[in-house]
Amino acid sequence: MKLFGVDINERPLIIAEIGINHNGDVELAKKMIDAAAEAGADVVKFQTFSPERLYVEEFAKNKKIRLGNKEVVLWDFIDSVKLSWEDIKKLKEYAESKKVGFLSTPFSIEDADFLESIGVEAFKIASPDLTTYPFLEHIAKKGKPIILSTGTSTIGEIEEAVNIIKNTGNNKIILLHCVSTYPAPPEMVYLKSMKILKEVFRFPVGFSDHTVGIHIPIAAIALGAQVVEKHFTIDRNLPGPDQAVSMTPDELKILRKAADEIWKAIGDGWKVIKEDEKDVSKMTRRSIVAKRDIAEGEIISLENITFKRPALGIEAKHFYHLFGKKTRRSLKRDSYLNWSDVE
């Protein structure tokens, strides 16, 4: 599958999840796009929502959440970090001007329809909406690739979601293993779950990361993640609930380099001698050589031959083919044995 110009069978797609780290500030969002593009992200991702379309008003206006050392009203917080549809459109255009792909997670049917209207290449579905099956079906019918996070979901729920998408005729699915805690401790991550998702559903898999640091997503790539999504910020000291689990531009550069090099190192699974190894092999493998002067007609044994570098004569691996045979000519000590030297 190819996304944003990247064949994910050739190298991993790296998504810098800016999310709500911009705190509703479009200019800050642009600075984050700049930093992500420079650091090597393939895609920047935002979130498209409003409190009216996301929460029951009475609940959200009476629910307090803790951010740092203070409590805020949930409705007010969501309203403060939202981006308008016009903001999202401008950020998409800005990202594309910086040669980086653009994604935004929709949190309502209206948001999904808007994103389609501005020509998004794919849809990213957040873990909590994996079970909002009518929402999934609506998006799937648009025929675009769907990147589906699977946090807090059972295999049965994932199967139901995948079948709903497939039943629309849309088979362009990428499943992201995810643990929906912030931050996710390493012992809860279970990266091997990617293998289960791959074996069960036969779609490309990846990892949506909520751990601190970049070592866990690097490990995910080594285990075959074809897409890696991680929160991104230009300053962890900025306010917001996701800053602490976000990677910085310097970390993104390391992740990008590691992703590309690890993917190359994984290879295709075949064990073959590479061209660059052949000269090394000649110099470091051993030849069968005369341990002492050997007379014509002597029987070859470990008493009169030994094994030394380089492999310019008969290689040591062929000893058992020579054992017990007679020499055709006399050989000086330290001479390589060649096939013409034995009967």
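**Reasons behind the labels**

Colleague: Why is Lys99 called exposed in this predicted model?

Modeller: The relative accessibility of Lys99 is 75%. The label exposed needs over 50%, so Lys99 at 75% earns it.

Colleague: Where does Lys99 sit, and what is its phi?

Modeller: Lys99 belongs to the loop between helix 5 and strand 7. Its phi is near 60 degrees, which is positive although the residue is not glycine. Most residues other than glycine have a negative phi.

Colleague: How do you know that Tyr190 is exposed?

Modeller: Its relative accessible area is 59%, and the cut-off is over 50%, so Tyr190 counts as exposed. Tyr190 is another non-glycine residue with a positive phi, here near 50 degrees. You can find Tyr190 in the loop between strand 10 and helix 9.

Colleague: And why is Gly267 called partly exposed?

Modeller: Good one to ask! Gly267 has 49% relative accessibility. Buried would need under 20% and exposed over 50%, so 49% falls in between and Gly267 is partly exposed. Look for Gly267 in the loop between helix 11 (249–266) and helix 12 (275–284).

Colleague: How far apart are Gly267 and Glu10, in sequence and in space?

Modeller: They are 257 residues apart in sequence, while their C-alpha atoms are 9.7 Å apart in space.

Colleague: Let's turn to helix 6. Which of its residues are buried?

Modeller: In helix 6, residues 109–117, the buried ones are Asp111, Ala112, Phe114 and Leu115.

Colleague: What makes you put those buried residues on the same side of helix 6?

Modeller: Around the axis they cover an arc of only 160 degrees, so they lie on the same side of helix 6. The general pattern helps here: an α-helix has 3.6 residues a turn, so residues three or four places apart point the same way.

Colleague: What do the buried residues of helix 6 pack against?

Modeller: Their partners include strand 4 (43–48), helix 2 (51–54), helix 5 (85–97) and strand 7 (101–106). Strand 8 (123–125) and helix 7 (133–140) are also among them. Just after helix 6 comes Gly119, with a positive phi of about 85 degrees.

Colleague: Which peptide bond ahead of Pro183 is cis, and what is its omega?

Modeller: The bond from Tyr182 to Pro183 is cis, with omega near -10 degrees. Pro183 is in the loop between strand 10 (173–178) and helix 9 (193–201). The bond from Arg309 to Pro310 is cis too, with omega near -5 degrees. Pro310 sits in the loop between strand 14 (305–308) and helix 13 (319–322). As a rule, most peptide bonds are trans.

Colleague: Now the whole chain. How does its radius of gyration compare with that of a compact globule of 343 residues?

Modeller: The chain has 30 Å, whereas a compact globule of that length would have a value near 20 Å. The C-alpha atoms fill a box of roughly 100 × 45 × 40 Å along the principal axes.

Colleague: What share of the chain is buried, and what share of the contacts joins residues 24 or more positions apart?

Modeller: Buried residues are 48% of the 343. Among contacts with a separation of 6 or more, 65% join residues 24 or more positions apart.

Colleague: And how far apart are the mean positions of the positive and negative charges?

Modeller: With 50 positive and 51 negative charges, the two mean positions are 7 Å apart.

Note on methods. Residues are numbered from 1 along each chain as its sequence is written. This is a predicted model: local features need pLDDT of at least 70, side-chain atom pairs count only at pLDDT 80 or more; totals for chains, interfaces and linings use all residues. Side-chain values use heavy atoms; hydrogens and water are left out. The radius of gyration is taken over C-alpha atoms; the globule rule is 2.2 Å times the number of residues to the power 0.38. Buried means under 20% relative accessible area, exposed over 50%, partly exposed in between (1.4 Å probe, protein chains only). Contact means heavy atoms within 4.5 Å. Lys and Arg count as positive and Asp and Glu as negative; His and the chain ends are not counted. The place of a charge is taken as NZ of Lys, CZ of Arg, CG of Asp or CD of Glu. Helices (H or I, at least four residues) and strands (E, at least two) are DSSP runs, numbered from the N terminus. The arc is that of the directions from the helix axis to the C-beta atoms.
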